[in-house]
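Work through the following exercises with the sequence and the structure side by side. Try each task on your own before reading its solution.

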Amino acid sequence: MLEIKDLKVKRDNKEILKGVDLVIKQGEIHALMGPNGSGKSTLAATLMGHPDIEVSKDSEILIDGKNLSEMTPDQRAMAGLFLAFQYPIEIPGVPFLEFLRVSYNSIMKDRIGESFRPLSPYKFKQLASEKMKILKMDESFLERNLNEGFSGGEKKKAEILQMSILEPKYAILDETDSGLDVSALKIVAKGAKKLSEEFNIGILVITHYKRILEYLKPSYVHLLINGVIQKSGGYDLAESLDQEGYEDA
Amino acid sequence: MKMPKELSNQEIQFKNSNSQYKEGFHMPDSSTNKFKMGLNEDVVRNISKLKNEPKWMLDFRLKSYGIFMSMKMPDWGADLSGIDFGKIHYYVKPSDKQEVSWNDVPDDVKTTFDRLGVPQAEREFLSGVKAQYDSEVVYGSLIKEMSEKGVIFLGTDEALKKYPEYFEEYFGKIITPADNKFAALNSAVWSGGSFIYIPKGVSITKPLQAYFRINAANMGQFERTLIIADEGSFGHYVEGCSAPVYTSASLHSAVVEIAVKKGARFRYTTIQNWYSNVYNLVTKRAYAYKDATMEWIDGNIGSKVTMKYPSVYLMEEGARGEVLSLAFAGEGQHQDTGAKMVHLAPNTSSNIISKSISKKSGRASYRGLVKVSKKATNVKSNIVCDALLLDPESRTDTYPFMKIDNKHVKIGHEASVSRLGAEQLFYLMSRGLSEEVASALIVNGFIEPIIKELPMEYALELNRLIELEMEGSVG
């Protein structure tokens, strides 16, 4: 269970989240909607442990009962959390495949323990190639540098590819739909849905649009306005928000 | 003077980091012919006499000594006030004669190589291995194929005896003793170094390689390298420097002269990892003739102060020059490095890529000169300087100089300074990488354009060195 209790955060001394409560179980898909500036992306960054975000001492974030508050981002990744970034940053000169292998080996070693044998570059490439087929990605991707010169759509696909390889318990998809064309969106969303089912991943998808939700079919939809969850409901809430906008909610 | 205090800080720092600094160790000193410290005319005469040199070389040394004494210390670059010329050994000879086979190499020298991780198998990969230990070349080998092609690869002292004709033509001509104070010093007391001659039309596909070490306490190293790539030839020379530990300031002042003849191409790669008390003041220059290409790849990690600006004089039409330089300035270090491109003929081109990384109080300066003479029309030159700062105390600066005396030139200059990005770190850490691993990955990515130009084992070694440098640099 990913539990968020009374989450209050400041960024640059400005109060952004003003008391958010949310519980996500493994295998569940939740959607978080809301206008620009409501605090959606800040919530994602807070969960992952961004160093610039100041979290109130009264707030709690727990993964399966484990408190994340004092954990660095890498420790949170070890605990089973994954963030698909809204704007994945370019890291020049770092090969995508090698980065992901180091990431995979360190997370798996932590999860499985001393018996885990790190994958060689050759074995890891086989693993990555298989996962790429699901996302209909070209293998030449692996030869490129991390997000360097990737198109908007390629960056988003690469995020979901990382998720599929790292097999987290809980994943936050921060506007993964932006920058994707219709057919890419379908592939990515269906891929994420399949991963959720296959590995029992709890997903929190942040979006402005219903389209990605049509494929992900979240059971829970939350509306975040001005740092507070104003409304929670089922999939039908997403439909009414899509038709009527946030103001009338 | 603040020197003594800084020095003692470094000693403390060294002791603390000893276990991490793989390259840091010190072998018992087996040198037999160690001069008293300090420099005077007798020292210069003695060096020449011990080497049985021809009279013209003695005269050259004495003239250079006079120039050295008359020149002021350069005051335009890094702080050199810590150099005490009176406290340096100007000549150290480890054994009486040159070693001829690997089996004859003294054990403590072999141990040095072992500790540095110079693999035996590497010799199979390499065309020839030249290793300089203290001031002499103690081991030199050149595989049969090379000698059949007529390639000469020798210690400079030996080459002077066997091939004086090349020395009379080139030695001290590309870099004259009066070029700068440290070129004059080297010219007066030089010892060791490599001599390479590649005959017309001969290509050496595997790199020639040399290892330079300093081992005797307080010893300066003044190697002298002369390379001639004859018409239409190709060669690649690689030197790796890694200094063992010692306790007081040391001076490394080399001179490298290269002539790249018509249509030839030569690449000179250096990876240096001096310990952090070494003053590394090196003059490197190549003359590139018609349609010739000269490439310097210069990686500077370590040392207290480095001043080095590999240069290419583009003498005739169609000549090309390239410098790829990489500097890592750690705590208390100043890397003042760059390049000089001197266009003396039409249709010549040059390319400079400089990457630097500064950590803690480290300072990396780019200092470059592009000169285009009046008759050099249709010149192209491109300069890219990228600096990466790892923390708020680190520093970088650029000093680009241009002297353009011709209107028909195309010159591009880009410079960027970036800080180790918080967002990049956050991204990598969110994937389970520790802050140290993430930082090292970002730094290795930053220098990748230069790393990819290195022979594989050097690329791996450099990545390892960067990782070592990154240890304890975060948090």
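Two strands are said to pair if DSSP finds at least two bridges between them, and the elements themselves are DSSP runs numbered from the N terminus, with helices (H or I) of at least four residues and strands (E) of at least two. The model is a predicted one, in which local features need pLDDT of at least 70 and side-chain atom pairs count only at pLDDT 80 or more, while totals for chains, interfaces and linings use all residues. Residues are numbered from 1 along each chain as its sequence is written, and chains are lettered from A and ligands numbered from 1 in the order in which they are written.

**Exercise 1. Find the strands of chain A that pair with E1(A), and name a bridge partner in each**.

Step 1. Begin with E2(A), residues 14-24, which runs antiparallel to E1(A) and is joined to it by eight bridges; here A:Leu2 stands opposite A:Ile24.

Step 2. Look at how these two strands are connected: E1(A) and E2(A) form a hairpin with two residues between them, and A:Asp12 in the turn has a positive phi of about 50 degrees.

Step 3. Turn to E5(A), residues 60-63, which pairs with E1(A) in the antiparallel sense over four bridges, and where the bridge partner of A:Leu2 is A:Ile63.

Step 4. Finish with E4(A), residues 53-55, whose antiparallel pairing with E1(A) has three bridges; in E4(A), A:Val55 is the residue opposite A:Val9.

**Exercise 2. Describe the phi angle and the surroundings of A:Asp6 and of B:Asp291**.

Step 1. Recall that most residues other than glycine have a negative phi.

Step 2. A:Asp6, which lies in strand E1(A), residues 2-11, has a positive phi of about 50 degrees although it is not a glycine.

Step 3. B:Asp291 also has a positive phi, near 55 degrees, and is found in the loop between strand E13(B), residues 278-288, and strand E14(B), residues 293-302.

Step 4. Apply the burial rule, by which a residue is buried if 20 or more other C-beta atoms, placed from the backbone, lie within 10 Å of its own, exposed if 12 or fewer, and partly exposed in between. A:Asp6 counts as partly exposed because it has 13 C-beta neighbours inside 10 Å, whereas B:Asp291 counts as buried because it has 20.

**Exercise 3. Which residues of chain A form the side that touches chain B?**

Step 1. Two residues are in contact if their C-beta atoms, placed from the backbone, lie within 7 Å, and the contact takes 22 residues from chain A and 18 residues from chain B.

Step 2. Helices H2(A), residues 73-79, and H3(A), residues 96-112, each supply at least two residues of this side of chain A, and H3(A) gives the most, with five residues.

Step 3. Sort the side by class, counting Ala, Val, Leu, Ile, Met, Phe, Trp, Tyr, Cys and Pro as nonpolar, Asp, Glu, Lys and Arg as charged, and the others, Gly among them, as polar: there are 15 nonpolar, six polar and one charged residues.

**Exercise 4. Describe chain A as a whole**.

Step 1. Count its elements: chain A has eight helices and eleven strands.

Step 2. Note that its C-alpha trace spans about 55 × 40 × 30 Å along its principal axes, and that buried residues make up 43% of its 249 residues.

Step 3. Consider the contacts between residues at least 6 apart in sequence, of which 69% join residues at least 24 apart.
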